[in-house]
Amino acid sequence: MNKKNYASNPILPMEHFVPDVEGHQWLDGRMYAYGSYDIKGRKGYCSTKYHVFSSADLIHWVDHGECFHSAGPCDDVPWSDADLYAPDCAYKNGKYYLYFCLSDGSEGVAVSDSPYGPFKDARKIDGMEGIDPAVFIDDDGQAYIYWGQFDNVRAARLKPNMVEIDKSTIVQPLSVAEHNFHEGSSVRKRNGIYYYVFADTSRHGGRPTCLGYATSNSPLGPFQYRGVIIDNYGCDPAVWNNHGSIAEFNGQWYVFYHRSTRGSEFSRRVCIEPIYFNKHGTIPEVEMTSQGIGGPIPAFNQIEAEIACKLSGAARIDDCSDGGESVYFISDGDYAVYKYIDFGTGISRFKARASCDVDGGKIEIRLDSETGPLIGICNVMNTGKLSVYQEHSCHVEKINGIHALYLKYVADNPGRGLSLDWFEFL
């Protein structure tokens, strides 16, 4: 029934839970995404495998399959069976180097002739211990590596062989006190400025939901804190962290970040937003959207509920009984936000595929904010139970132009729930 024909976040098919993404456009012109790999329903971060994804347009992504393993029949790590945490990849002299870390604190590197692996001949990197390795190769060919968490973050030059660090160059590039640094190093260069992107604890009581950044005129610093690029707070009631990168693709820069989903901090999905630079090289903060790199989503399309960019209260994304996913509004007053919807020259009706238990409920259709203009109320009648979906519709005021859409659940009997599979305007 899914008639999706628009770009949206998350960018990958919903069966893939890929956080911590480093984006790189390699010589073939494609953007490659390297990240951790969460397992649906698992009570823990990541897994013992990596996938690599690539795209020629940032909309249609190819899953190149499992490229590296730390355990199991295809074990590529001889010294550990621990989970694989956030990776990065670098290209030099015809080889692709996969830098990985494990939950036991060890870090290593493997190599391939292909950007999507398989990556083999893994070796531990002496002098590195921690998580989240990130590699940057400067214009002169010198490679640098960054790793660690809290005030244990470190940076150093890589030797020309790309598998050893020059221990004499190790520095601490950031700190908790000065930069709100948590983890998740990532470094890029633009117009002579070095950008250090990381999980930032400056908001929400120290929860690292932001991607912050610092800049320098040297790859090893010192770095000056500049602020937040994006904050994923509100994407899910259980959101805890953020981790990603900035990357240039065909002349435009983007931020890769992840959102928690399914009421779990362990089920995270990669999203992308375009970013821009001010005259002096600073990056204005961008918001989470449903449209991602595409333009506003046409209201006349069937819009999948799970692309909500913000959820309030206890609302969360979960499995739909007959495939795909839905937004579950668990409490009266919960809402889901979709940014942005293009209503064109006007609409007259709202239609949704939804379910509601015994007492039924309503969907308030509002524009631009939770308390914004109310353009319609859709009654969702009793479907017997939340796993049984039916189509429901209502009249809406004629609205045109581009707006944020807020769909708010109003319970006929508090304590009952409503599940939304998809919606469209007619």
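Visitor: Which residue forms a salt bridge with arginine 203?

Guide: In this predicted model, the partner of arginine 203 is glutamate 285, and their closest N and O atoms are 2.8 Å apart.

Visitor: Where do arginine 203 and glutamate 285 sit in the chain?

Guide: Arginine 203 belongs to the loop between β13 (193–200) and β14 (210–216), while glutamate 285 belongs to the loop between β18 (264–275) and β19 (297–298). The pair therefore links distant parts of the chain, 82 residues apart. Arginine 203 counts as partly exposed at 29% relative accessibility, and glutamate 285 is likewise partly exposed, at 41%.

Visitor: And how many salt bridges does the structure hold?

Guide: There are 25 salt bridges in the structure. One of them joins the side chains of aspartate 126 and lysine 167, at 2.5 Å from N to O.

Visitor: What does the pair of aspartate 126 and lysine 167 tie together?

Guide: Aspartate 126 is in strand β8 (residues 120–129) and lysine 167 is in the loop between β11 (154–157) and α1 (176–179), so this salt bridge connects parts that are 41 residues apart in sequence. Aspartate 126 is exposed, with a relative accessible area of 54%; lysine 167 is partly exposed, at 46%.

Visitor: What about arginine 353: buried or exposed?

Guide: Arginine 353 counts as buried, at 12% relative accessibility. Its salt-bridge partner is aspartate 421, with the closest N and O atoms 2.7 Å apart. Arginine 353 lies in strand β25 and aspartate 421 in strand β30, so the pair ties together parts 68 residues apart in sequence. Aspartate 421 is buried as well, at 7% relative accessibility.

Visitor: Which residues are joined into one network by salt bridges that share partners?

Guide: That network consists of Lys40, Arg262, Arg269, Asp318, Asp319 and Glu325.

Visitor: Changing topic, how many residues are in the largest nonpolar core?

Guide: The largest nonpolar core has 38 residues. Those with the most contacts inside it are Tyr338, Phe350, Ile365, Leu405, Leu420 and Phe423.

Visitor: Which strands supply at least two residues of this core each?

Guide: The strands are β23 (325–329), β24 (335–342), β25 (349–356), β26 (361–367), β27 (374–380), β29 (402–411) and β30 (418–425).

Visitor: What does leucine 420 touch?

Guide: Leaving aside residues up to four places away in sequence, leucine 420 touches Ala305, Ser326, Val327, Phe329, Tyr338, Ala352, Arg353, Ala354, Ile363 and Leu407. Arginine 353, the salt-bridge partner of aspartate 421, is thus among the contacts of leucine 420.

Visitor: What lies apart from the largest core?

Guide: Another core, of 23 residues, lies apart from it; Tyr195, Cys235, Val239 and Val337 are among its members.

Note on methods: Residues are numbered from 1 along each chain as its sequence is written. This is a predicted model: local features need pLDDT of at least 70, side-chain atom pairs count only at pLDDT 80 or more; totals for chains, interfaces and linings use all residues. Side-chain values use heavy atoms; hydrogens and water are left out. A nonpolar core is a set of buried Ala, Val, Leu, Ile, Met, Phe, Trp, Tyr and Cys residues joined through side-chain atoms within 4.5 Å. Buried means under 20% relative accessible area, exposed over 50%, partly exposed in between (1.4 Å probe, protein chains only). Helices (H or I, at least four residues) and strands (E, at least two) are DSSP runs, numbered from the N terminus. Contact means heavy atoms within 4.5 Å. A salt bridge is a side-chain nitrogen of Lys or Arg within 4 Å of a carboxyl oxygen of Asp or Glu.
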